[in-house]
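Colleague: I'm new to this one. Can you walk me through it?

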Amino acid sequence: MTFALDPSGELRTVRTLRAFLNARDDDSAALFPSRKSERMTGKGINDVVKRAAHRAEVSPVTYSGRGNPEDVSAHTLRHSVAWRMLRAEEGNTLYDVRNRLRHATILTTERRYDHFETV
């Protein structure tokens, strides 16, 4: 599946990823291999996300208002993709969210995001 990472080109996401991949000197199929194994663990990914959020001073929106960088995790970023697709972008459906997040069934997506009231 292909989707636009940076439709406007402002973030230079595609260019940055291509430069990263071209500079790699390994044959790993993983986008971000670990130093110790073929792939990063979930905890390793979460640690990287938390450090980046702290450095960037991210204050995420939470149910109780603005949160702290410590509130950011790889999973909260995943939820923010769904929120943005259903609330900030026009024309997306729960099926689009399911496809983007790669849920096995639409039921999983509905259980998580049906409260956004966009079908």
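Modeller: Let's start with a charged pair. The side chains of E89 and R84 meet in a salt bridge, at 3.9 Å from N to O. A salt bridge here is a side-chain nitrogen of Lys or Arg within 4 Å of a carboxyl oxygen of Asp or Glu.

Colleague: Where do these coordinates come from?

Modeller: This is a predicted model; local features need pLDDT of at least 70, side-chain atom pairs count only at pLDDT 80 or more, and totals for chains, interfaces and linings use all residues. Residues are numbered from 1 along each chain as its sequence is written, and side-chain values use heavy atoms, with hydrogens and water left out.

Colleague: Back to that pair. Are E89 and R84 buried or exposed?

Modeller: Neither extreme. E89 is partly exposed at 36% relative accessibility. R84 is partly exposed too, at 47%. Buried means under 20% relative accessible area, exposed means over 50%, and partly exposed is in between (1.4 Å probe, protein chains only).

Colleague: How many salt bridges are there by this rule?

Modeller: Three. One of them joins D26 to R24, with the closest N and O atoms 2.6 Å apart. D26 is partly exposed, at 35%. R24 is buried, at 17%.

Colleague: And K43, what does it pair with?

Modeller: With D47, where the closest N and O atoms are 2.9 Å apart. Both residues lie in helix α2, four residues apart, about one turn of the helix. K43 is exposed, with a relative accessible area of 58%. D47 is partly exposed, at 30%.

Colleague: Why would such side chains pair at all?

Modeller: Side chains of opposite charge can pair when their charged atoms come close.

Colleague: Anything else about D47?

Modeller: Yes, a link along the chain. The C-alpha atoms of D47 and S73 are separated by 8.1 Å, and the two residues are 26 apart in sequence.

Colleague: Zoom out. How many helices and strands does the protein chain have?

Modeller: Five helices and two strands. The order along the sequence is α-α-β-β-α-α-α. Helices (H or I, at least four residues) and strands (E, at least two) are DSSP runs, numbered from the N terminus.

Colleague: What share of the residues is buried?

Modeller: 19% of the 119 residues in the protein chain. The chain exposes about 9500 Å², and carbon and sulfur atoms supply 52% of that. Accessible areas come from the Shrake-Rupley method with a 1.4 Å probe; for residues, only the protein chains shown count as cover.

Colleague: Which residues make up the largest nonpolar core?

Modeller: Eight residues: A82, M85, L86, L94, V97, L101, I106 and Y113. Helices α3 (74-88), α4 (94-101) and α5 (106-113) each supply at least two residues of this core. A nonpolar core is a set of buried Ala, Val, Leu, Ile, Met, Phe, Trp, Tyr and Cys residues joined through side-chain atoms within 4.5 Å.

Colleague: Tell me about α4. Which of its residues are buried?

Modeller: L94, V97 and L101 are buried in α4. They cover an arc of only 55 degrees around the axis, so they sit on the same side of α4. That arc is taken from the directions from the helix axis to the C-beta atoms. The buried residues of α4 pack against α3 and α5.

Colleague: What does L101 touch?

Modeller: R78, V81, A82 and Y113, not counting residues up to four places away in sequence. Contact means heavy atoms within 4.5 Å.

Colleague: And T109, where is it?

Modeller: In helix α5. T109 is buried, with a relative accessible area of 0%. Leaving out residues up to four places away in sequence, T109 touches L94, V97, R98, H103 and D114.

Colleague: New topic. What is on the surface?

Modeller: There is a nonpolar surface patch of about 340 Å², made by F20, L21, L31 and F32. Patches are made of residues with over 30% relative accessible area and no salt bridge: like charges are joined within 9 Å, nonpolar side chains (Val, Leu, Ile, Met, Phe, Trp, Tyr) within 5 Å. L31 lies in the loop between α1 (13-23) and α2 (42-55). L31 is partly exposed, at 38%.

Colleague: Last one, the backbone. What is the phi of E57?

Modeller: Positive, about 55 degrees, although E57 is not a glycine. E57 is in the loop between α2 and β1 (61-62). R102 also has a positive phi, near 60 degrees. R102 is in the loop between α4 and α5.
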